[in-house]
Amino acid sequence: MPVQQNSSEQSAAGNKLSRTMSRPCTPESVRNSLMDDAKARLQKHDAGTKYSHLSYSKCSILLPLLVKEGKLHLLFTLRSEKLRRSPGEVCFPGGKRDPTDEDDVATALREAQEEVGLCPQQVEVVCCLVPYVFERNTLITPVVGFIDHNFQAQPNPDEVKSVFLVPLEYFLCPRAYHQKCLTRCGRRVLFHCFEYTNPEDGVTYYIKGMTAKYALFVALIILEKHPTFEVEFNLNDLISSSEKSFLQFHNHATSKL
């Protein structure tokens with residue numbers, strides 16, 4: 001059941017959201033050129049349904065891209081403090097597969113609509129990236145798509161505290177960033193954490209873990225530039241290195257079942 005807000009709270013939330021999602025006009029030709037180039041590069045990394053047959057609990061996330069002020073941005077949500085899992089953390093819209101969902105894409109679109117009011121008709125799905133094995137029994141499929149540049153988020157207060165945008169280039173050249181090296185399933189992995197302060201409202205967000213990994217991966221694909229920090233991917237062959245990493249975790253997970 002939605003949480004009721006008084007009029008002053010609703011007004012404040014609405015004003016903040018309007019400022020955060022406001023978009024100075026970008027010429028259509030510029031927007032279309034940026035989108036076409038990005039889509040062409042993303043489609044080369046489309047895993048499609050290659051891993052959909054694997055026997056896991058299924059989840060999907062949507063990585064929403066849009067053009068603002070002549071630059072590509074990703075949309076993120078800050079999870080509500082009321083949630084049982086990962087309260088107050090930054091993530092992409094997404095969640096568990098519903099029995100009525102036709103496929104991984106349908107799950108991502110449904111969850112985005114439930115969380116931030118993004119209608120499926122406002123999304124142009126471009127590709128599905130190589131999935132992520134979470135806690136050995138869950139497969140998370142990242143769905144990448146461009147959203148309507150006029151989209152105004154309507155966060156579900158039971159799930160989402162706020163919605164914000166980050167320039168895609170920030171994930172290759174961040175102002176505040178740290179990483180640590182971890183061992184996962186016997187393999188060395190890098191844990192990325194991007195600290196981003198929204199210039200429109202001064203709020204600082206911490207983008208880390210799987211969310212940071214996929215934001216970085218999409219930036220590497222689209223921008224085709226080297227980051228200012230070490231990454232776990234082979235920059236000369238992102239497809240093979242991401243698949244190799246996934247299969248190592250998949251094999252380790254299935255060997256323990």
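Biologist: Which handedness does the crossing of helix 2 and helix 4 have in this predicted model?

Modeller: The crossing of helix 2 with helix 4 is right-handed. A crossing earns that word if the near helix is turned clockwise from the far one by less than a right angle.

Biologist: And what makes helix 2 roughly perpendicular to helix 4?

Modeller: The axes of helix 2 (residues 28-43) and helix 4 (residues 209-223) cross at roughly 110 degrees, coming within 8 Å. Angles of 65 to 115 degrees count as roughly perpendicular, so helix 2 is roughly perpendicular to helix 4.

Biologist: Which residues make that contact?

Modeller: Helix 2 contributes A38, R41 and L42, while helix 4 brings V218, I221, I222 and L223. Sorted by kind, the contact residues are 6 nonpolar, no polar and 1 charged. Arg counts as charged.

Biologist: Let's turn to the sheet. How do you know which strands stand at the edges?

Modeller: The open sheet has 3 strands in the order 9-10-11, with antiparallel pairing. Strand 9 (176-184) and strand 11 (204-208) each have a single partner strand, so one side of each lacks a neighbour in the sheet, and these two are the edges. From one strand to the next, the twist averages 20 degrees.

Biologist: What makes strand 9 and strand 10 count as paired?

Modeller: Pairing needs at least two bridges, and 9 bridges join strand 9 to strand 10 (residues 187-197), the two running antiparallel. C181 is found opposite L190 of strand 10, and R184 faces R187 of strand 10. Strand 9 and strand 10 form a hairpin with 2 residues between them, and C185 in the turn has a positive phi of about 55 degrees.

Biologist: Where else does a residue other than glycine have a positive phi?

Modeller: E135 is one of them, with phi near 50 degrees. R136 is another, at about 70 degrees. E135 sits in the loop between strand 6 (132-134) and strand 7 (138-147), and R136 lies in the loop between strand 6 and strand 7 as well. What makes these worth a mention is that most residues other than glycine have a negative phi.

Biologist: Now the aromatic rings. Why is the pair of F164 and Y205 called stacked?

Modeller: The count comes to 12 aromatic pairs, and F164 with Y205 is one whose ring centres are 3.7 Å apart. Ring centres must lie within 6.5 Å to pair, and planes under 30 degrees apart count as stacked. The planes of F164 and Y205 are at 5 degrees, so the pair is stacked.

Biologist: What does that pair tie together?

Modeller: F164 belongs to strand 8 (residues 160-167) and Y205 to strand 11, so the pair ties together parts 41 residues apart in sequence.

Technical notes:
Residues are numbered from 1 along each chain as its sequence is written. This is a predicted model: local features need pLDDT of at least 70, side-chain atom pairs count only at pLDDT 80 or more; totals for chains, interfaces and linings use all residues. Side-chain values use heavy atoms; hydrogens and water are left out. Axes are lines fitted to C-alpha atoms, for helices over the stretch in contact, and angles run from 0 to 180 degrees between N-to-C directions. Helices (H or I, at least four residues) and strands (E, at least two) are DSSP runs, numbered from the N terminus. Angles under 35 degrees count as roughly parallel, over 145 as roughly antiparallel, 65 to 115 as roughly perpendicular and the rest as oblique. Contact means heavy atoms within 4.5 Å. Rings of Phe, Tyr and Trp (its six-membered ring) pair if their centres lie within 6.5 Å; planes under 30 degrees apart count as stacked, over 60 as edge-to-face and the rest as tilted.
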